[in-house]
Amino acid sequence: MIQREAVFRAGGSLTPELAAKITDLPSKFDAGLQIEYRGARFQADSLISVLAMELYPGARLSVLADGPEAEAAAAQLVKLLEG
């Protein structure tokens, strides 16, 4: 499992549109993705889970990835989160 740090930089709070992009991302890779925020882990492929994070600009979080394409998946998720 790999871990990458990220700072949420999207304008305003987490929008449903961005949450949908985040939850679609895991299907593009052979990797499992989770986001760790405020001591809890959220499944990146679950819209309800992603929206439950209630991210705001400047929020620090960790991206966790496991699987053959973990590096690429984590990098892409960090890119989405950091806008």
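**How the labels on this chain are earned**

Reader: What makes strand 1 and strand 4 a pair?
Author: They are joined by 6 bridges, and pairing asks for at least two, so the two strands qualify. They run antiparallel, and Arg4 stands opposite Val63 in strand 4. Strand 1 covers residues 2-7. Bear in mind that this is a predicted model.

Reader: Which residue of strand 4 also stands opposite Ile35?
Author: Val63 again: Ile35 stands opposite this residue, just as Arg4 does.

Reader: How do you know that strand 2 pairs with strand 4?
Author: Count the bridges: there are 5 between strand 2 (residues 32-37) and strand 4 (residues 60-66). The cut-off is at least two, so this is a pair, and its sense is antiparallel. One of the matches puts Leu33 with Ala65 as its bridge partner in strand 4.

Reader: And what makes strand 2 and strand 3 a pair?
Author: Here 4 bridges do the joining, against a requirement of at least two, so they pair too. Strand 3 spans residues 40-43 and runs antiparallel to strand 2. Glu36 stands opposite Arg41 in strand 3. The two strands form a hairpin with 2 residues between them.

Reader: What is unusual about phi in that hairpin?
Author: Look at Arg38, in the loop between strand 2 and strand 3. Its phi is near 55°, which is positive, and the residue is not a glycine.

Reader: Why is Arg38 called exposed?
Author: Its relative accessible area is 63%. Exposed means over 50%, so Arg38 gets the label.

Reader: Where does Glu54 sit, and why is it called exposed?
Author: Glu54 is in the loop between helix 2 (47-52) and strand 4. Its relative accessibility is 60%, and the cut-off is over 50%, so exposed is the right word. Glu54 also has a positive phi, about 50°, without being a glycine.

Reader: Why is Leu33 called buried?
Author: Leu33, found in strand 2, has a relative accessible area of 4%. Buried means under 20%, so the label follows.

Reader: Which residues does Leu33 touch?
Author: Leaving out residues up to four places away in sequence, its contacts include Leu25, Pro26, Phe42, Val63, Ala65, Ala73 and Leu77. As for Thr23, it lies 10 residues from Leu33 in sequence, with 9.5 Å between their C-alpha atoms.

Reader: What makes strand 4 "mostly covered"?
Author: Of its 7 residues, 5 are buried. Across the chain, buried residues make up 42% of the 83 residues.

Reader: What is the order of helices and strands along the chain?
Author: The pattern reads β-α-β-β-α-β-α, with 3 helices and 4 strands.

Reader: Why is the chain called as compact as a globular protein of its length?
Author: Its radius of gyration is 11 Å, and the globule rule gives 12 Å for 83 residues; the two are close, so the description holds. Along its principal axes, the C-alpha trace spans about 35 × 20 × 20 Å.

Reader: How much of the contact count comes from residues 24 or more positions apart?
Author: They account for 70% of the contacts with a separation of 6 or more.

Reader: What about the surface and the charges?
Author: The accessible surface comes to about 4600 Å², with 50% belonging to carbon and sulfur atoms. The chain carries 8 positive and 11 negative charges, and their mean positions are 7 Å apart.

Terms used. Residues numbered from 1 in each chain as written. Predicted model: local features only at pLDDT ≥ 70, side-chain atom pairs only at ≥ 80, totals over all residues. Heavy atoms only, no water. Rg over C-alpha atoms; globule rule 2.2 N^0.38 Å. Buried < 20%, exposed > 50% of the residue type's maximum accessible area, 1.4 Å probe, protein only. Contact = heavy atoms within 4.5 Å. Areas by Shrake-Rupley, 256 points an atom, 1.4 Å probe, with all protein chains shown as cover. Lys, Arg positive; Asp, Glu negative; His and termini not counted. Charge placed at Lys NZ, Arg CZ, Asp CG, Glu CD.
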